[in-house]
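Hi,

Here is the structure I promised to pass on. Have a look at it first, and my notes follow underneath.

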Amino acid sequence: GRRRKARKPLSERATMADDEVLGEALGDDGYEQEEEASPAPAAGKKTDSAGRKVKGRGAKDASAQMEAEERYSGRAGQFESVDNEGGKGPAKSVEGWICFVSGINEEANEEDVYDKFSDYGEIKNLQLPLDRRTGFVKGYALVEYELRKEAQAAIEEMNGAGFMEQTLTVDWAFTKGPYKGRQSTRRMT
């Protein structure tokens with residue numbers, strides 16, 4: 001088997017540890033040693049206020065900080081923003097005006113929805129998501145018109161209308177805030 005190393009009793013171990021700590025504070029001659037002044041940092045080394053070496057991204061020198069401040073001075077500090085023209089109401093997407101249609105029957109197909117909404121203008125894009133598990137329509141669609149008046153006409157005429165034995169809810173897909181006179185379209189259960 002394995003042999004255990006004989007250990008000294010706890011009282012002796014404690015005095016040995018105390019002597020080691022005391023020996024570090026006192027010199028070989030028993031008198032306190034004066035701490036040596038830490039050597040001056042080498043040229044090019046970055047140190048903090050306590051004299052510790054600083055590494056990494058936080059070790060920027062004064063010239064790097066000034067460069068960052070100059071980067072955003074003048075016209076470089078003026079950033080673009082999205083125009084908020086017209087205040088509240090519908091927001092145009094990149095290509096057109098998008099209506100969000102909910103309450104679509106799960107057995108409807110893209111052609112049925114296209115035929116129903118093409119009465120109000122030319123449809124640029126129609127998205128009718130399908131449930132991957134069942135293969136049926138998820139119950140909503142996104143219909144995109146090029147002109148705002150076409151989308152507005154579709155919303156006014158189709159909101160609350162019946163389609164394949166279900167009532168549709170049609171509203172703007174994107175808005176800049178609360179639309180004046182807009183009622184909540186959230187169904188209460």
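Below is what I found, going from the sheet to the helices and then to two residues.

First, the small print: this is a predicted model, where local features need pLDDT of at least 70 and side-chain atom pairs count only at pLDDT 80 or more, while totals for chains, interfaces and linings use all residues. Residues are numbered from 1 along each chain as its sequence is written, and side-chain values use heavy atoms, with hydrogens and water left out.

**The sheet.** Helices (H or I, at least four residues) and strands (E, at least two) are DSSP runs, numbered from the N terminus. Four strands make an open sheet, ordered E2-E3-E1-E6, with antiparallel pairing (two strands pair if DSSP finds at least two bridges between them). E2 (123-127) and E6 are the edge strands with a single partner each, so one side of each has no neighbour in the sheet. From one strand to the next, the twist averages 20 degrees (axes are lines fitted to C-alpha atoms, for helices over the stretch in contact, and angles run from 0 to 180 degrees between N-to-C directions). E2 and E3 are joined by 4 bridges, and Asn125 sits opposite Glu144 in E3.

**The helices.** H3 packs on the sheet, touching E1, E2, E3 and E6, and its direction makes about 145 degrees with that of E2; contact here means heavy atoms within 4.5 Å. H4 lies across E1, E3 and E6, at about 150 degrees to E6. Buried means under 20% relative accessible area, exposed over 50%, and partly exposed in between (1.4 Å probe, protein chains only). In H4 (residues 148-158), the buried residues are Glu150, Ala151, Gln152, Ala154, Ile155 and Met158. They pack against E1 (97-102), H3 (110-117), E3 (140-145) and E6 (169-172). Just after H4, Gly160 has a positive phi of about 90 degrees.

**Two residues to look at.** What does Glu144 do for a charge partner, being buried? Glu144 has no salt bridge, and the nearest side chain of opposite charge, Lys124, is 4.7 Å away. A salt bridge needs a side-chain nitrogen of Lys or Arg within 4 Å of a carboxyl oxygen of Asp or Glu; Lys and Arg count as positive and Asp and Glu as negative, with His and the chain ends not counted.

Thr167, in strand E5 (residues 166-167), is exposed, with a relative accessible area of 54%. Leaving out residues up to four places away in sequence, Thr167 touches Ser102, Gly103, Gly160, Ala161 and Gly162.

Cheers
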